[in-house]
Amino acid sequence: MIDFHCHLDLYPDPRAVTQECAERGVYVLSVTNTPSAWEGTAALAQGKTRIRTALGLHPQLAHQRKSELPLFQELLPNTRYVGEIGLDGSPEFRNFWADQHAVFKAILSACSEVGGRILSIHSRRAATTVLDVLETARGAGTPILHWFSGTFRELDRAVQLGCWFSVGPAMLATEKGRGLAAKMPRTRLITETDGPFGSIDGRSAMPWDVEMGVTMLAKIWDEPSAAVQAVLDENLRRLGSQCIATDRG
Ligand code: MN
């Protein structure tokens, strides 16, 4: 099982969820929303060999936390993974567009300077601009568009630009989400939950709920779940092999 975009630190009991991930053998990319959350969240995963902690600055917090960019730069050598970053064009965050844009660009250029990172990217109502920015920041690393909800045309462009995609049960519960997932290259797809924000039947998704995502992908691809899981495992292996070595994995 692979949950490549999950906010472990934001569950009511992060330790219990992290422990259960370890017991169930779930591979987790534990994303963070602010640089100041990274150390504590990385500590949660200490000794858990299948959990990686990404350094992030969420676009919805960019205007409040842009002062943490120097901390972002300072911590960046410690991890191969960056997220959650990106842009959010929803009406309630549109006022802070300039800050979001500046923060996203600064992060990508910092990633370029250190040789590239694996990037978990938010693009709600902002897919075209996210792609515009990524196009000018090719050295930043491997972009993974998480819970992509743009148009088919934007999806085509993202594929052309070499983007990967992470999809989960919440996205695949909608017809639009399933339609998009069907068009994503199978070799650049990975599962996620976006827990605790992603929800399933009105409750917070747990990392091991990615299994439902695999079942849903199996229907979309018309393949057995085991075959889908084998593709996802191979994708994870390839993603990992692209990474540059750092001190703390
Ligand atoms: Mn998220």
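Which residue follows H8, and what is the sign of its phi? In this predicted model, H8 is followed by Gly-162, which has a positive phi near 90°. The helix that precedes this glycine, H8, spans residues 152–160. Its buried residues are Glu-154, Leu-155, Ala-158 and Val-159. These residues cover an arc of only 140° around the axis, and they therefore lie on the same side of H8. Arg-153 and Gln-160, on the other side of the helix, are exposed. The packing partners of the buried residues of H8 comprise two helices and two strands, namely helix H7 (127–135), strand S6 (141–146), strand S7 (164–167) and helix H10 (175–183).

The metal site contains a manganese ion coordinated by His-5 through NE2, His-7 through NE2, Glu-84 through OE and Asp-194 through OD, at 2.2 to 2.3 Å. Along the sequence, the donor residues follow the spacing H-x1-H-x76-E-x109-D. His-7 is placed in the loop between strand S1 (2–6) and helix H1 (14–24), whereas Glu-84 belongs to strand S4 (residues 81–86); the pair therefore ties together parts that are 77 residues apart in sequence. His-7 is buried, its relative accessible area being 1%. Glu-84 is likewise buried, at 2% relative accessibility. A further donor, Asp-194, is situated in the loop between S8 and S9 and is buried at 7% relative accessibility.

Two of the manganese donors also show backbone features of note. Most residues other than glycine have a negative phi, and most peptide bonds are trans. The peptide bond from Gly-83 to Glu-84 is cis, with omega near 15°, and Glu-84 itself is located in strand S4. Asp-194, a residue other than glycine, has a positive phi near 60°. In the loop between strand S8 (189–191) and strand S9 (199–200), which contains Pro-196, a cis peptide bond runs from Gly-195 to Pro-196, with omega near 0°. A positive phi of about 60° is also found at Asp-222, which is not a glycine. Asp-222 occupies the loop between helix H11 (210–221) and helix H12 (225–242). With a relative accessible area of 70%, Asp-222 is exposed, in contrast to Asp-194, which is buried.

The largest pocket of the model has a volume of about 320 Å³. Its lining is formed by 13 residues, and those nearest the pocket centre are His-122, Arg-124, His-146, Trp-147 and Asp-194. Asp-194 thus appears both among the residues nearest the centre of the pocket and among the donors of the manganese ion. By residue class, the lining divides into 2 nonpolar, 8 polar and 3 charged residues.

Two further positions were examined with respect to burial and spacing. Thr-79 is located in the loop between helix H4 (69–75) and S4, and is buried at 1% relative accessibility. The C-alpha atoms of Thr-79 and Arg-138 are 19 Å apart in space, with these positions 59 residues apart in sequence numbering. Ser-109 forms part of helix H6 (residues 97–113) and is partly exposed, with a relative accessible area of 37%. A C-alpha separation of 19 Å is found between Ser-109 and Asp-88, which are 21 residues apart along the chain.

Conventions: Residues are numbered from 1 along each chain as its sequence is written. This is a predicted model: local features need pLDDT of at least 70, side-chain atom pairs count only at pLDDT 80 or more; totals for chains, interfaces and linings use all residues. Side-chain values use heavy atoms; hydrogens and water are left out. Donors are N, O and S atoms within 2.8 Å of the metal (3.2 Å for Na, K and Ca); water is not among the atoms, so sites may look incomplete. Helices (H or I, at least four residues) and strands (E, at least two) are DSSP runs, numbered from the N terminus. Buried means under 20% relative accessible area, exposed over 50%, partly exposed in between (1.4 Å probe, protein chains only). On a 1 Å grid over the protein atoms alone, a cavity is a set of points where a 1.4 Å probe fits but cannot get out, and a pocket is an open set with protein on both sides within 12 Å along at least five of seven lines; lining residues have an atom within 4 Å of a point. Grid points are joined across faces, edges and corners, and a volume is the space filled by probe spheres set on the points. Ala, Val, Leu, Ile, Met, Phe, Trp, Tyr, Cys and Pro count as nonpolar, Asp, Glu, Lys and Arg as charged, and the others, Gly among them, as polar. The arc is that of the directions from the helix axis to the C-beta atoms. Contact means heavy atoms within 4.5 Å.
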